[in-house]
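Colleague: I'd like to learn how to read a model like this one. Could you take me through it feature by feature?

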Amino acid sequence: MFYLYLHLGVLSQLLAGAGAWNSFLRTATTPLFLGLDVLLVLGLLTHGLNGLRLALVGSGYVPNRQKALFWSLGAFGTILLIYSAI
């Protein structure tokens, strides 16, 4: 819910004009904010890939491969995280 309100706040900067938007972009492209974006992607990947793992194990598709699925999805998520951080 917080992210939705944050997103609406960011978009409201467009209503304030080009100067306000450019000021926001200068702030949002600092290393601190870019690092927070990487943390957001990490959280989304962890949550999504773990949900996929639980769905596959819980539905009976791969009931005996939980550990292998954890590590393979973890490796895939790490590759995606590195790609998104670059």
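Modeller: Gladly; we'll go through a helix, the core, a few side chains and the pockets. Keep in mind that this is a predicted model.

Colleague: Let's begin with α3. How does its end-to-end span agree with its number of residues?

Modeller: The general idea is to allow 1.5 Å a residue and compare that with the end C-alpha atoms. For the 28 residues of α3 the expected span is 40 Å, and the ends are 40 Å apart, so the two agree. Just past the helix, look at G60, which follows α3 and has a positive phi, near 95°.

Colleague: Which residues of α3 are buried?

Modeller: Here the cut-off to remember is under 20% relative accessible area for buried. In α3 that applies to L45, L49, R53 and V57. Part of what covers these buried residues is α4.

Colleague: And which residues make up the largest nonpolar core?

Modeller: Start from the general tendency: in soluble globular proteins, nonpolar side chains tend to be buried together. In this model the largest nonpolar core has six residues: L45, L49, V57, L69, L73 and L81. Both α3, running 31–58, and α4, running 66–85, supply at least two of them each.

Colleague: What does L49 touch, leaving out residues up to four places away in sequence?

Modeller: Leaving those out is a handy habit, as it sets sequence neighbours aside. With that filter, L49 touches L73, F76 and G77. Turn to L73 and apply the filter again: its contacts are L49, L52 and R53.

Colleague: Is L73 buried or exposed?

Modeller: L73, in helix α4, has a relative accessible area of 14%, so it is buried. Try two other residues of that helix. F70 sits in α4 and, at 44% relative accessibility, counts as partly exposed. K67 is in α4 too, but it is exposed because its relative accessible area is 65%, and the cut-off for exposed is over 50%.

Colleague: How far apart in space are F70 and L49, C-alpha to C-alpha?

Modeller: It helps to set the distance in space beside the separation in sequence. F70 and L49 are 21 residues apart in sequence and 8.7 Å apart in space. For K67 and L80, 13 residues apart along the chain, the C-alpha atoms are separated by 20 Å. L73 and S84 are eleven residues apart in sequence, with 16 Å between their C-alpha atoms.

Colleague: Now the pockets. How much space lies in the largest pocket, and which residues are closest to its centre?

Modeller: For any pocket, I'd take the volume, then the lining, then the elements that supply it. The largest pocket holds about 510 Å³ of space. It is lined by 15 residues, and Y3, L6, V10, F33 and D37 are the closest to its centre. Helices α1 (2–12), α2 (18–28) and α3 each supply at least two lining residues. By class, the lining has 13 nonpolar residues, one polar and one charged.

Colleague: What about the second largest pocket: how much space lies there?

Modeller: About 250 Å³. Of its 13 lining residues, the closest to the centre are L45, T46, L49, L73 and G74. α3 and α4 each supply at least two residues of the lining, and the largest share, seven residues, comes from α4. This lining divides into seven nonpolar, five polar and one charged.

Colleague: So L45, L49 and L73 turn up in the core and also beside the centre of that second pocket.

Modeller: Yes, and following a residue from one feature to another is a good way to read a model.

Conventions:
Residues are numbered from 1 along each chain as its sequence is written. This is a predicted model: local features need pLDDT of at least 70, side-chain atom pairs count only at pLDDT 80 or more; totals for chains, interfaces and linings use all residues. Side-chain values use heavy atoms; hydrogens and water are left out. A nonpolar core is a set of buried Ala, Val, Leu, Ile, Met, Phe, Trp, Tyr and Cys residues joined through side-chain atoms within 4.5 Å. Buried means under 20% relative accessible area, exposed over 50%, partly exposed in between (1.4 Å probe, protein chains only). Helices (H or I, at least four residues) and strands (E, at least two) are DSSP runs, numbered from the N terminus. Contact means heavy atoms within 4.5 Å. On a 1 Å grid over the protein atoms alone, a cavity is a set of points where a 1.4 Å probe fits but cannot get out, and a pocket is an open set with protein on both sides within 12 Å along at least five of seven lines; lining residues have an atom within 4 Å of a point. Grid points are joined across faces, edges and corners, and a volume is the space filled by probe spheres set on the points. Ala, Val, Leu, Ile, Met, Phe, Trp, Tyr, Cys and Pro count as nonpolar, Asp, Glu, Lys and Arg as charged, and the others, Gly among them, as polar. The expected span of a helix is 1.5 Å times one less than its number of residues.
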